[in-house]
Amino acid sequence: MWRRSFSSSTATATLKGQKWDALIIGGGHNGLTAAAYLARGGLSVAVLERRHVIGGAAVTEELVPGFKFSRCSYLQSLLRPSIIKELELGKHGLKLLKRNPSSFTPCLDGRYLLLGPDKQLNHSEISKFSLADAEAYPRYESQLENFSKFMDLVLDSPPPESVQHKSSINEKLKNKIQNSVFWASCLRHVSSLGQKDMVDFMDLLLSPSSKVLNNWFEADVLKATLATDAVIGSTVSVHTPGSGYVLLHHVMGETDGDRGIWSYVEGGMGSVSKAIGNAAIEAGAHVVTDAEVSQLLIENSSTVCGVTLADGTEVHSSIVLSNATPYKTFIELVPHDVLPNDFVRAIKHSDYSSATTKINVAVDKLPEFRSCKLDHPHAGPQHVGTIHIGSESMEDIHSACQDAANGTPSRKPVIEMTIPSVLDKTISPPGKHVINLFVQYTPYKPLDGDWQDHDYREAFAKKCFTLIDEYAPGFSTSIIGYDMLTPPDLERVIGLTGGNIFHGAMGLDSLFLMRPAKGWSNYKTPLQGLYLCGSGAHPGGGVMGAPGRNAARVVLQDVRERI
């Protein structure tokens with residue numbers, strides 16, 4: 001169904017042949033989401049993707065013959081239900097594969113912990129470590145779920161930003177009314193929580209995740225399993241204030257209406273992008289691959305009028321949405337001396353640091369965990385969910401983080417292993433499997449070597465494989481081949497500044513009204529006609545689609561007001 005989708009051979013003539021209503025830089029899932037909504041709103045839209053394949057970080061690639069990997073992002077839960085419904089993504093090929101159980105943590109002492117949506121299983125498993133924790137866990141999940149419902153309003157709405165450009169009295173009044181409606185709705189949600197829950201919510205937002213979890217539980221392995229949610233994709237420790245907020249991701253998403261359920265996607269995460277792309281194309285959007293944007297075209301030093309491609313082609317439009325990172329957009333694509341100095345400083349000094357490495361592994365058999373030899377001839381419950389390796393306590397996670405803070409990759413990395421081929425039979429040959437390893441912490445510029453050095457890279461990969469061998473003997477010998485993306489690789493291949501998978505840190509100082517910079521949280525920018533629609537905009541990273549949907553709604557409103 002890829003009509004209206006073009007490679008570089010036909011792209012130039014197609015793009016040059018008209019002035020587009022809107023151009024979108026980057027065919028990641030947010031850019032494609034924005035394209036779908038804009039095209040459905042009646043605009044002529046072209047998506048310009050630098051790589052040969054759409055998807056950005058939500059992409060499926062056959063890196064080892066016969067094995068299809070979710071090369072970067074690897075699980076789905078955060079994609080907004082409104083997008084799935086409104087764009088009819090099921091009709092366009094999206095198929096979610098629920099995981100039950102969802103988590104497995106093996107221990108070197110021979111014990112293990114399984115967790116999932118089954119409340120009886122959770123009670124039984126946690127009771128092996130602490131009966132008190134088993135009783136507390138349903139209350140913990142219930143509280144997080146209650147808080148996450150409050151977040152739905154925030155995620156699905158543009159932030160209540162002040163008017164940025166010179167505007168009429170009517171426009172200022174309309175903006176004040178819209179903002180008042182948003183804050184009134186927030187106030188209703190807050191009042192429904194009550195005083196105690198609101199204080200607990202603030203405690204969760206501001207506290208280190210270690211403090212939050214220590215107040216709830218006593219078993220190290222349970223706290224460590226939950227704490228990985230708070231540091232995923234970041235450079236922070238479990239002891240960093242504000243890291244408690246990310247614990248909400250444990251329950252913030254959903255699969256088919258079931259809260260907190262993370263799923264695999266049949267065909268890999270590229271199927272999410274493909275389904276959204278199909279919806280955009282059906283609505284009339286053009287998706288062009290091998291079309292790298294080199295610079296934005298600006299007229300009168302203040303207004304966007306199109307883009308220049310790497311091959312010199314000029315493509316014209318009065319509206320451009322960038323799905324690139326804020327740094328890439330404003331520092332590399334916008335000509336110098338066009339943006340206000342304070343805005344440029346804010347973008348330059350945002351936190352794009354990363355300590356994340358993704359290793360995609362093809363294996364000839366499933367790992368056999370020393371601690372969990374259940375009676376299953378093939379895949380067992382221990383293989384279905386996220387497998388936590390090397391983090392049996394929160395101090396294990398903190399120590400790994402400290403190594404990176406001191407400039408070297410973690411001596412004992414924190415590894416999240418997933419085996420999507422257990423549920424998805426379309427991505428690997430029969431009897432063989434695809435394994436994703438999400439690894440922390442790996443500095444962008446290690447002091448003891450260079451990620452461009454083949455031997456240094458291989459030594460780190462082998463360190464990870466050897467650690468897995470401690471829990472699943474023989475894992476290393478099962479490896480057919482692998483692909484590794486360190487922070488510099490994520491920057492070079494996927495376009496993630498600093499290798500940061502969220503387009504910028506997700507600390508409390510970089511969210512909501514402060515994302516990507518104070519005064520510019522509503523997808524608009526200091527340049528007339530330029531909007532930000534990627535994860536560097538509110539509400540941030542993850543395969544959520546919210547920045548793309550929200551940005552498109554802002555653009556359509558601006559277009560209607562100009563008519």
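Tutor: Before we start: contact here means heavy atoms within 4.5 Å. Also, keep in mind that this is a predicted model.

Student: Okay. Which residues of α8 and α9 meet?

Tutor: From α8 you've got S209, L213 and N214, and they meet K223, L226, A227 and A230 of α9. Sorted by class, that contact has 4 nonpolar, 2 polar and 1 charged residues.

Student: And how do people describe two packed helices anyway?

Tutor: With the angle between their axes plus the distance between those axes.

Student: So at what angle do α8 and α9 pack?

Tutor: About 150 degrees, and the axes are 10 Å apart. α8 covers residues 209-216, while α9 covers 220-231. Angles over 145 degrees count as roughly antiparallel, so α8 is roughly antiparallel to α9.

Student: Is the crossing of α8 and α9 left-handed or right-handed?

Tutor: Right-handed, as α8 passes α9.

Student: Let's try another pair. How do α4 and α5 cross?

Tutor: At roughly 140 degrees, with axes that come within 7 Å. α4 is residues 119-127 and α5 is residues 131-155. α4 passes α5 in a right-handed crossing. On the α4 side, N122, H123, I126 and S127 make the contact, and on the α5 side it's L131, D133, A134, E135, Y137 and E141. By class, 4 are nonpolar, 3 polar and 3 charged.

Student: How do α5 and α7 pack?

Tutor: The angle is about 85 degrees and the axes are 11 Å apart, with α7 running over residues 195-206. That's why α5 and α7 are roughly perpendicular to each other.

Student: Which residues do the meeting there?

Tutor: In α5 they're Q143, L144, N146, F147, F150 and M151; in α7 they're D197, D200, F201 and L204. The class count for the contact of α5 with α7 is 6 nonpolar, 2 polar and 2 charged residues.

Student: Switching topic: what volume does the second largest pocket have?

Tutor: About 920 Å³. Its lining takes in 36 residues, and the ones that lie nearest its centre are Q178, N522, K524, Q557 and D558.

Student: Which helices and strands supply at least two residues of that lining?

Tutor: α6 (169-193), β22 (530-532) and α17 (546-562) each do. The largest share comes from α6, with 8 residues.

Student: What's the lining like by class?

Tutor: There are 11 nonpolar, 14 polar and 11 charged residues in the lining of the second largest pocket.

Student: Now the backbone. What's usual for phi and for peptide bonds?

Tutor: Most residues other than glycine have a negative phi, and most peptide bonds are trans.

Student: Cool. Which peptide bond is cis with omega near 0 degrees?

Tutor: The one from N100 to P101. P101 lies in the loop between β6 (96-98) and β7 (103-106). The bond from Q440 to Y441 is cis too, with omega near 5 degrees. You'll find Y441 in the loop between β20 (433-440) and α15 (454-471).

Student: And which residue has a positive phi although it's not a glycine?

Tutor: N300 does, with a phi of about 60 degrees.

Student: Where does N300 sit?

Tutor: In the loop between β13 (293-299) and β14 (303-309).

Key: Residues numbered from 1 in each chain as written. Predicted model: local features only at pLDDT ≥ 70, side-chain atom pairs only at ≥ 80, totals over all residues. Heavy atoms only, no water. Axes fitted to C-alpha atoms, helices over the stretch in contact; angles between N-to-C directions. Helix = DSSP H or I, 4+ residues; strand = E, 2+ residues; numbered from the N terminus. Parallel < 35°, antiparallel > 145°, perpendicular 65-115°, else oblique. Left-handed = near helix turned anticlockwise from the far one by under 90°. Nonpolar A, V, L, I, M, F, W, Y, C, P; charged D, E, K, R; others polar. 1 Å grid on protein atoms, 1.4 Å probe; cavity = no way out; pocket = protein on both sides within 12 Å on 5 of 7 lines; lining within 4 Å. Points joined across faces, edges and corners; volume = space filled by probe spheres on them.
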